[in-house]
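Dear colleague,

I am passing a structure on to you, and it is shown just below. My notes on what was found in it follow, so that you can read them beside the structure.

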Amino acid sequence: MIEFTLNDQTLKIDSDPNTPLLWVLRDELGLTGTKFGCGMGLCGACTVHLDGIAMRSCSLPVQMVAGKSVTTIEALGSDHPLQQAWVEYNVPQCGYCQPGQIMSAAALLASTPAPDDEQIRNAMTGNICRCGTYKKIHTAIRAVADAAGAQEASS
């Protein structure tokens, strides 16, 4: 049995310890927001947070999450500022990579609330968008960071 926290709920699962977390999430737990892209941790479509750090779930054996906290795109919810910015700035085209993009951006903003443009680019490197919406993704992240900074300044 592997015990971990998933989206703020403690779970015990009986999975092969070497099964990639992605397949446990999708096939065993029915959380299909995290996407399969390349299967080698290179494209970012499968990004989740492991104890707050953006990780590729397709190459992460589920045994590595024992005793840790995993957060998926489902936990962010449609009212999350990044989700709202994605809509406002019309980021997705096909949308397939967007859960991974949003999870990487959320990890960045959690660790660096006021990132500069280079920090945004560095954090998003490795998240591939076949539709090429990188400029819109960057603009949406910048808008959320700027809005959070403005809100903090006015408090």
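**Notes on T72 and the cores**

T72 counts as buried because its relative accessibility is 0%, where buried means under 20% relative accessible area with a 1.4 Å probe and protein chains only. Please bear in mind that this is a predicted model, in which local features need pLDDT of at least 70 and side-chain atom pairs count only at pLDDT 80 or more, while totals for chains, interfaces and linings use all residues. Residues are numbered from 1 along each chain as its sequence is written, and side-chain values use heavy atoms, with hydrogens and water left out.

T72 sits in the loop between β5 (69-71) and α2, helices (H or I, at least four residues) and strands (E, at least two) being DSSP runs numbered from the N terminus. Beyond its neighbours within four places in sequence, T72 is in contact (heavy atoms within 4.5 Å) with residues including L6, N7, V48 and M103.

The largest nonpolar core, a set of buried Ala, Val, Leu, Ile, Met, Phe, Trp, Tyr and Cys residues joined through side-chain atoms within 4.5 Å, has 19 residues, and L82, W86 and I141 have the most contacts inside it. Two or more residues of this core come from each of α2 (73-76), α3 (81-88), α4 (98-111), α5 (117-124) and α6 (134-154), with α4 giving the most, six residues. Apart from this core lies another, of 14 residues, among them L6, V48, V62 and V65.

With best regards

Key:
Buried means under 20% relative accessible area, exposed over 50%, partly exposed in between (1.4 Å probe, protein chains only).
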